[in-house]
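Okay, thanks for squeezing me in. Let me put the structure up, and then I'll talk you through it.

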Amino acid sequence: MGIVLLIAALIWGAGVVTGAPRSLRWMGIGLLWAAVVLAQLVLPEGAALRAATGGSAAPWLILGGLGLIVAGYRAVLVRLKARARPVQVSGEPQGPFREAELRRYARHIILREVGGPGQVRLKQAKVLVVGAGGLGSPALMYLAAAGVGSIGVVDDDVVDGSNLQRQVIHGDADIGRPKVQSAAERMQAINPFIEVRSYQRRLGPADVDALLAEYDLVLDGTDNFTTRYLVNEACVKAGRPLISGALTQWEGQVSVFDPAHGAPCYQCVFPEAPAEGLAPSCAESGVIGPLPGVVGSIMALEAVKLLTGAGAVLRGEMLIYDGLWGETRKIRVKPRADCPVCRGRGLAEAAPKA
Ligand SMILES: [Zn+2]
């Protein structure tokens, strides 16, 4: 038996000298063990080799079994240690994600189109949402849940009981409170790992530029044309993409206005505000409750795609959803050279590609 241990020591020693990996050294010793067991089983009793290696297979089989138990125990320990270590987001930018965040965003991170780098981009992004009403409600909640690191919300209104049939970010207890306040609380309740900034005011020409300068992307879900034109103009000036959604009764529409990347601006598509009374508000004409949920969620999805670079966003296209008949269609929208806001900048941006 001693001679076998000596050979095993020699194999290990040779491995150390030649720098062979541990796994290879263990494999050599395993082969030696197998040869010895084979000799015990195959050779006739009394053979010199059998006698020299102990005379019976039993002790060798017990030794092998013990070796397997030890190896199995080590493997389990290694796996447990690996699990305890925080998962590294593979590839490029390393975000300062905590373990709870990695768990929260795991279903994003395994998506090929998002992955670790996409989630880091979401965390680093700053998105401004104008209006915490019907469209703002789902947009804000999904942006918060998706892990957009910094979200601004502007609204001058207070929660009204007649809003609650569709503005699901607010609750019954919030009636009378500023919308930005209840929206911010709800978002932080959904995701404490993000920063929410609330601005309780109506955006005006005096402050819109300064506010936009702090954000990468703007979502507009307001219900008045003055604010829409104001936000569009500021976005064009600052070169920020504008994801715009609108609703009437049963129908909604979404588009990404981005003249810096070949798309029209809002005013290219809607050159003039409709005459008074031709575009009645939700309060005047009614709106079906789940519709803003659909359209606002599409706005949030377009935002996530734009920020992560996944897929193709609705640039130069308008998605129209007819809730009453369950139909969707897309129409092309084009920059206009005579647009007083962007002067058809999208035409020049798109030209090199053609
Ligand atoms: Zn334009």
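I'll start with the whole chain, then go to the cores, and finish with a few individual residues.

So, first thing to keep in mind: this is a predicted model. The protein chain has 15 helices and 8 strands. Its radius of gyration is 33 Å, and the globule rule for 354 residues gives 20 Å, so the chain is more spread out than a compact globule. You can see that in the C-alpha trace too, which spans about 110 × 55 × 40 Å along its principal axes.

How much of the chain is buried? Of the 354 residues, 44% count as buried. If you take contacts with a separation of 6 or more, 62% of them are between residues 24 or more positions apart. On the outside, the chain exposes about 19,000 Å², with carbon and sulfur atoms supplying 61% of that. As for charge, we have 36 positive and 31 negative side chains, and the centres of those two sets sit 14 Å apart.

Right, on to the inside. As a general point, nonpolar side chains in soluble globular proteins tend to be buried together. Here the largest nonpolar core has 41 residues, and the ones with the most contacts inside it are Leu140, Leu143, Ile151 and Leu219. Several elements each put in at least two residues, including strands E1 (126-130), E2 (150-154) and E4 (217-220), and helices H8 (136-146) and H9 (179-190). Which element gives the most? That's H14, with 9 residues.

Have a look at Leu219 for a moment. Leaving out residues up to four places away in sequence, Leu219 touches Val127, Leu128, Val129 and Val130, and its other partners include Leu143, Ile243, Met299 and Ala303. Apart from this core there's another one, of 21 residues, and among them are Val154, Leu211, Tyr229 and Ile320.

Now helix H8. Of its 11 residues, 9 are buried, so H8 is largely enclosed by the rest of the structure. The buried set includes Gly136, Ser137 and Pro138, along with Leu140 and Leu143. Just after H8 comes Gly147, with a positive phi of about 95 degrees.

Gly147 takes me to Gln119, since Gly147 is one of its contacts. Gln119 is in helix H7, residues 115-124. Buried or exposed? At 0% relative accessibility, Gln119 counts as buried. Beyond its neighbours within four places in sequence, Gln119 is in contact with Phe97, Tyr105, His108, Ile109, Val114, Ala146 and Gly147. For a sense of distance, Gln119 and Val208 are 89 residues apart in sequence and 28 Å apart in space, C-alpha to C-alpha.

Last, two acidic residues. Glu302 is in helix H14, and with a relative accessible area of 4% it's buried. What does Glu302 touch, not counting residues up to four places away in sequence? The answer is Ile243, Val256, Val313 and Leu314.

The other one is Asp174, in the loop between E2 and H9. Asp174 has a relative accessible area of 13%, and the cut-off for buried is under 20%, so Asp174 is buried as well. Setting aside its neighbours within four places in sequence, Asp174 is in contact with Val159 and Ser182.

That's what I had, so over to you.

Key. Residues numbered from 1 in each chain as written. Predicted model: local features only at pLDDT ≥ 70, side-chain atom pairs only at ≥ 80, totals over all residues. Heavy atoms only, no water. Helix = DSSP H or I, 4+ residues; strand = E, 2+ residues; numbered from the N terminus. Rg over C-alpha atoms; globule rule 2.2 N^0.38 Å. Buried < 20%, exposed > 50% of the residue type's maximum accessible area, 1.4 Å probe, protein only. Contact = heavy atoms within 4.5 Å. Areas by Shrake-Rupley, 256 points an atom, 1.4 Å probe, with all protein chains shown as cover. Lys, Arg positive; Asp, Glu negative; His and termini not counted. Charge placed at Lys NZ, Arg CZ, Asp CG, Glu CD. Core = buried A, V, L, I, M, F, W, Y, C linked by side-chain atoms within 4.5 Å.
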